[in-house]
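Let's take a walk through this model together. Have the coordinates open and follow along.

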Amino acid sequence: MATKYTDRLLSERSSLLLMTLGIAIVLLIGGFFLLGGEAGNNDGLSADKFAHFGEAIGGVVGSIWALAGVILFYIALREQRRFFEEQRKDFKTNRESLQKQTAALELQTQEFQNQRQELELTRNVFEEQSRLLEIQQFEGTFFNMLSLFQDLIDSTHGDVRTPEGNRIAKDIKGRDFFDKCITQMKKEYNAACEKREEDAAEGSPDFLEKEKTFTIHVYENFFDRHQSTIGHFLRSFYNIVKFIMRSDLSEHDRQVYLSIVMAHMSNDEIGLIFYNSMSKFGRTRKGETKLYDWCEEFGILENMYQSCLMAKMHKRFYPKTHFRF
C-alpha cells in the first residue's frame, strides 16, 4: 500500500506539476515586480529590485525544480530497477524453459536409445531366424545328398579285373565290391614292388616322393579299369565335401557334418578316397588338390584302418593327419 502511494507521489506527473508550479511562481513574482515597480517608482526596475527578483526566483523556483529533477532521477532509477527485475525474471523463465527443453531432449535421447535397442533385438531375432532357416535348408540338402550317396553305394555292382583283364570277381554288389577293390589293389601293388628296381633307399630324402609317385601309378592303373563303377562313388563324395566346405558354417560345424559323412562309410571306401585324393582323378579341372587339402585340414581320413592301405608307410603321404594306427 505504502509502495503504491509512494509510486503515485513520486511520478512523472508530480515532477511535471512541480515544474509547472515553478513556472507559475516565476510568472507571478515577475508580474509582481513589474507591477510593483511601475506603481511605486517611475524609474522602472532598479538593479536592486532585479537582484531581489533573481534571489526569489533562485530560492523558490530553483528548489522546486531541483525537487522535480530529484523525482525524475528517482523515477529513472526505479524504472531501471524494474527493468532489471523483469530481465532477471525473463532469465529465470528462459533458464527454466531451457531446463525443460534439456529434460525433453534427454527423454527423447533415452527413447531413441530404447528404440535402437529394440531394433537391435529385432534384428538379432531376424538374424537368428535367418540363420536357423539357412541351417534347415543346408541340412535338408545335406541329408538328401547323404541319402543318395548311401543308395549309390548300396546299388554299386560290377566286376573286379586284373591288369591283364581277367575277371577275378563277377558282379560284386554294395560294400563287398569296395572290399574286393582294396584287396586287388594290394595284390597289384605287391606285384609291382617285386618288379620294381630300387631307385632310392628308404631313408633317403627323395624316397617318400618316389614311393608316392609309384603308388599313385598303381592306383591310377586300377582306376582306369574300374572307373565306370567307382567313378560315381568318388565324384559323389567330392560333391558332398565341397557342399560342406563352401557353406557359411563355422569350422566346428563343418567338422561335425564331415564326421557324419565319414561315419556312413566303410574302411574300404575310405581307402579308395585315400589314394584317389592324391591322384590326377582327385584334382579339379584347374589341377587343384582341393580334396587332398580338405582331408589334411579336417582330418577326414584319420579314422581309417591300416588294413585299407597298400602299405603302412603310406600314411606318411598325409603328414598333417593323425591316424589311429
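Accessible areas here come from the Shrake-Rupley method with a 1.4 Å probe. Keep in mind that what you are looking at is a predicted model. By that method, the chain has an accessible surface of about 21,300 Å², and 55% of it belongs to carbon and sulfur atoms. Of the 325 residues in the chain, 32% are buried.

Now for the overall layout. There are 8 helices and 2 strands in the chain, and if you read along the sequence you'll meet them in the pattern α-α-α-β-β-α-α-α-α-α. How much of the contact set joins residues 24 or more positions apart? Among contacts with a separation of 6 or more, such pairs account for 67%.

Stop off at strand 2 (residues 167-173), where you'll find Asp-171. Most residues other than glycine have a negative phi. Asp-171 isn't a glycine, yet its phi is positive, at about 50°. As for its surroundings, Asp-171 has a relative accessible area of 37%, so it counts as partly exposed.

Next up is helix 5, which runs over residues 207-245 and includes His-226. Is His-226 buried or exposed? Its relative accessibility is 1%, and because buried means under 20%, His-226 counts as buried. Leaving aside residues up to four places away in sequence, His-226 touches Asp-159, Val-160, Arg-161 and Gly-231.

Arg-225 is in helix 5 too, but it is partly exposed, with a relative accessible area of 24%. Once residues up to four places away in sequence are set aside, Arg-225 touches Arg-161, Thr-162, Pro-163 and Glu-188. So Arg-161 turns up as a contact of His-226 and of Arg-225. Try the C-alpha distance from Arg-225 to Gly-165 as well: the two are 60 residues apart in sequence and 8.2 Å apart in space.

Stay with helix 5 for a moment and look for the largest pocket. Rolling a probe the size of a water molecule over the atoms shows where empty space is left. The largest pocket holds about 350 Å³ of space. It is lined by 15 residues, and those closest to its centre are Arg-235, Tyr-238, Phe-281, Gly-282 and Arg-283. Which elements give two or more residues to this lining? They are helix 5 and helix 7 (267-276), with helix 5 giving the most, 7 residues.

That brings us to helix 7 itself. Of its 10 residues, 9 are buried, which means that helix 7 is largely enclosed by the rest of the structure. The buried ones are Asp-268, Glu-269, Ile-270, Gly-271, Leu-272, Ile-273, Phe-274, Tyr-275 and Asn-276.

Finally, step back to helix 6 (residues 251-263) and check its geometry. With 13 residues at 1.5 Å a residue, helix 6 should span 18 Å, and its end C-alpha atoms are indeed 18 Å apart, so expectation and model agree. The buried residues in helix 6 are Arg-254, Tyr-257, Leu-258, Val-261 and Met-262. Look down the axis of helix 6 and you'll see these buried residues fall within an arc of 145°, so they line one face of the helix. What sits on the face turned away from that buried side? There you'll find the exposed residues His-252 and Ala-263.

Notes: Residues are numbered from 1 along each chain as its sequence is written. This is a predicted model: local features need pLDDT of at least 70, side-chain atom pairs count only at pLDDT 80 or more; totals for chains, interfaces and linings use all residues. Side-chain values use heavy atoms; hydrogens and water are left out. Helices (H or I, at least four residues) and strands (E, at least two) are DSSP runs, numbered from the N terminus. The expected span of a helix is 1.5 Å times one less than its number of residues. Buried means under 20% relative accessible area, exposed over 50%, partly exposed in between (1.4 Å probe, protein chains only). The arc is that of the directions from the helix axis to the C-beta atoms. Contact means heavy atoms within 4.5 Å. On a 1 Å grid over the protein atoms alone, a cavity is a set of points where a 1.4 Å probe fits but cannot get out, and a pocket is an open set with protein on both sides within 12 Å along at least five of seven lines; lining residues have an atom within 4 Å of a point. Grid points are joined across faces, edges and corners, and a volume is the space filled by probe spheres set on the points.
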